[in-house]
Amino acid sequence: MDLFEHAMEQEMASEAPLAMRMRPRTLDEIVGQDHIIGPGRLLRRAIEADHLMTSIILYGPPGSGKTTLAQVIAHHTKAHFERISAVLAGVADLRRIIEEATERRKLYRQRTILFIDEVHRWNKAQQDALLPHVESGLITLIGATTQNPYFDVIPALVSRSRIFELRPLSEDDLNVVLERALRDPERGYGQRAVLIEPEARALWLRAAGGDARNLLNALELAVETTPADAEGVIRITREIAEEAIQQRAIHYGRQGDAHYDTISAFIKSVRGSDPDAALYWLATMLTAGEDPRFILRRLIILAGEDIGLADPRGLLVATAAAYAFEYIGMPEGIYPIVEATLYLATAPKSNTATTFFEVQRLVETEGPGAVPRHLMDSSRDAKGFGHGQGYQYPHGFPEHFIPQQYLPDHLLGRVFYHPSDQGYEAEIAARLAQWRAAQAAGLQSQPDTGDTDAQGTTSDTPRRE
């Protein structure tokens, strides 16, 4: 590096954004993430001892400190540290790094640590190219990703790495970051008189969403664009804070973790009869650009799975909302989606429809049972084989009901459907209890005459209660 390059780097460092200047340089400066780098934790011990021999993948939302932690590792290690971005680098860059790492190991016995930012952006072929060198120990990988590595990084690479999940910073953590930036005279605003009103501070801590970078960007914009008053103080009011933070970009991708986690929170809120939470997650998804049809499909499924016969109108409301949305479109189409969400969230709940899967497992395990002769189709073989003979038409009897056998012989008396005591299904439970009692009594009183097979002989299979 010549004098001109050195001067350029110093100038760029002084002009770097506040978030870059305030980036922690040591483990003790890192705020939050005590669950992985707190005192005595495995990763902290490995970093402090410069004994990071196993590849690691840092997984967490933007602004949680993935790149910061990688840079701290770079400062602590005697190994050669390489950094690339998966967005810009390709296999050619990786080939160069591998060749240099091989020479470095041969000549100086020096290890190489490779930090790949946004490692999930590499396709399978690119990740496969890295795999043998990680497996051989030539490269110690530090991968950073905002996406779940178990889905977006190849399994072979994941199995050879330790996964560390970084969490969004709490408001207390963010307040520490804010205070450091205000007091640091070299990298922050310690040489300026900056006063942040309590409401403005609370707004920033809440709106930052656990992202330290977002918070520091708002602080920098507010300080650099607000003139000092007569006393030389830069006063940050709530109005200035709102302008500086603007609208937070929602971390949400239709195929990422946020997509699945948010729809999960939405469905669980509706199932849990919490309309307030359901509206919040609905607004989160639609604001982030989620496909309304995806939400409506999930509401239709929920109406059958979690509400069922406790309120049969739930399925009608959900399907009507889907039809109305296709007819209206956005933005007015939001109203049927909201109506369906509120209706289903406040409806009585029952998941008895899931009983079907219990019956399905029984059929798969035991095979289908024989259809009782009187339930067989009489339109084809009534005369030759007696199919349908003995069937009693329920509408020909009082209350349109007559006790008779409907299940196969070996399942007589088996009960699958247990109505809940919620909503309309409570009425079904009372009515069904009467029918089942009458059916049990009727079947028990029938004489055990046996059944007739296709050749007209009598089967010795007894009737069962």
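Asp50 is partly exposed, with a relative accessible area of 22%. In this predicted model, Asp50 sits in the loop that runs between helix H4 (42-48) and strand S1 (55-59). Its backbone deserves attention, since Asp50 is not a glycine and yet has a positive phi of about 50°. Glu118 is another non-glycine residue with a positive phi, here of about 55°. The loop that holds Glu118 lies between strand S3 (112-117) and helix H7 (124-136).

These loops belong to a protein chain with 21 helices and nine strands. Of its 465 residues, 41% are buried. Among contacts with a separation of 6 or more, 71% join residues that are 24 or more positions apart.

One strand residue gives an example of a buried position. Thr140 lies in strand S4, which covers residues 139-145. With a relative accessible area of 4%, Thr140 falls under the 20% limit and is therefore buried. Neighbours within four places in sequence aside, Thr140 is in contact with Leu52, Met53, Thr54 and Ser55, and also with Arg111, Thr112, Ile113 and Leu114.

The discussion now turns to the nonpolar interior. The largest nonpolar core has 30 residues, and the members that touch the most others are Val194, Ile196, Trp204, Leu216, Leu219 and Ile236. Two or more residues come from each of helix H2 (18-21), helix H10 (171-183), strand S6 (194-196), helix H11 (198-207), helix H12 (212-225), strand S7 (234-236) and helix H13 (238-245). H12 gives the most to this core, with seven residues. Val194 shows how such a member is surrounded: residues up to four places away in sequence not counted, Val194 touches Leu182, Tyr189, Val223, Ile234 and Ile236. A second core, separate from this one, has 25 residues and includes Val317, Ala318, Ala321 and Ala340.

H12 also merits a description of its own. Ala212 is found in this helix, and its relative accessibility of 14% is under 20%, so Ala212 counts as buried. Apart from neighbours within four places in sequence, Ala212 is in contact with Gly63, Leu169, Leu174 and Val177. Ala212 and Val31 are 181 residues apart in sequence, while their C-alpha atoms are 9.5 Å apart in space.

How do H12 and H13 pack, and at what angle? The angle is about 120°, and the axes are 8 Å apart. Angles of 65 to 115 degrees count as roughly perpendicular and those over 145 as roughly antiparallel; H12 and H13 are therefore oblique to each other. The crossing in which H12 passes H13 is right-handed. On the H12 side, the residues that meet H13 are Asn214, Ala218, Leu221 and Ala222, and their counterparts in H13 are Ile240, Ala244 and Ile245. By residue class, this contact has six nonpolar residues, one polar and no charged.

A further helix pair is formed by helix H17 (residues 313-328) and helix H18 (residues 334-346), which pack at an angle of about 170° with their axes 8 Å apart. Because that angle is over 145 degrees, H17 is roughly antiparallel to H18. H17 passes H18 in a left-handed crossing. From H17, the contact takes in Arg313, Gly314, Val317, Ala318, Ala321, Ala324 and Phe325, which meet Pro336, Ile337, Ala340, Tyr343 and Leu344 in H18. The residues of this contact divide into ten nonpolar, one polar and one charged. Val317, Ala318, Ala321 and Ala340, named above as members of the second core, appear in this contact as well. Pro331 is found in the loop between H17 and H18, and the peptide bond that leads from Met330 to Pro331 is cis, with omega near 10°.

The last position considered is His410, in the loop between helix H20 (378-385) and helix H21 (424-445). At 39% relative accessibility, His410 lies between the 20% and 50% limits and so counts as partly exposed. Along the chain, His410 and Ala370 are 40 residues apart, and their C-alpha atoms are separated by 9.1 Å.

How values were computed:
Residues numbered from 1 in each chain as written. Predicted model: local features only at pLDDT ≥ 70, side-chain atom pairs only at ≥ 80, totals over all residues. Heavy atoms only, no water. Core = buried A, V, L, I, M, F, W, Y, C linked by side-chain atoms within 4.5 Å. Buried < 20%, exposed > 50% of the residue type's maximum accessible area, 1.4 Å probe, protein only. Helix = DSSP H or I, 4+ residues; strand = E, 2+ residues; numbered from the N terminus. Contact = heavy atoms within 4.5 Å. Axes fitted to C-alpha atoms, helices over the stretch in contact; angles between N-to-C directions. Parallel < 35°, antiparallel > 145°, perpendicular 65-115°, else oblique. Left-handed = near helix turned anticlockwise from the far one by under 90°. Nonpolar A, V, L, I, M, F, W, Y, C, P; charged D, E, K, R; others polar.
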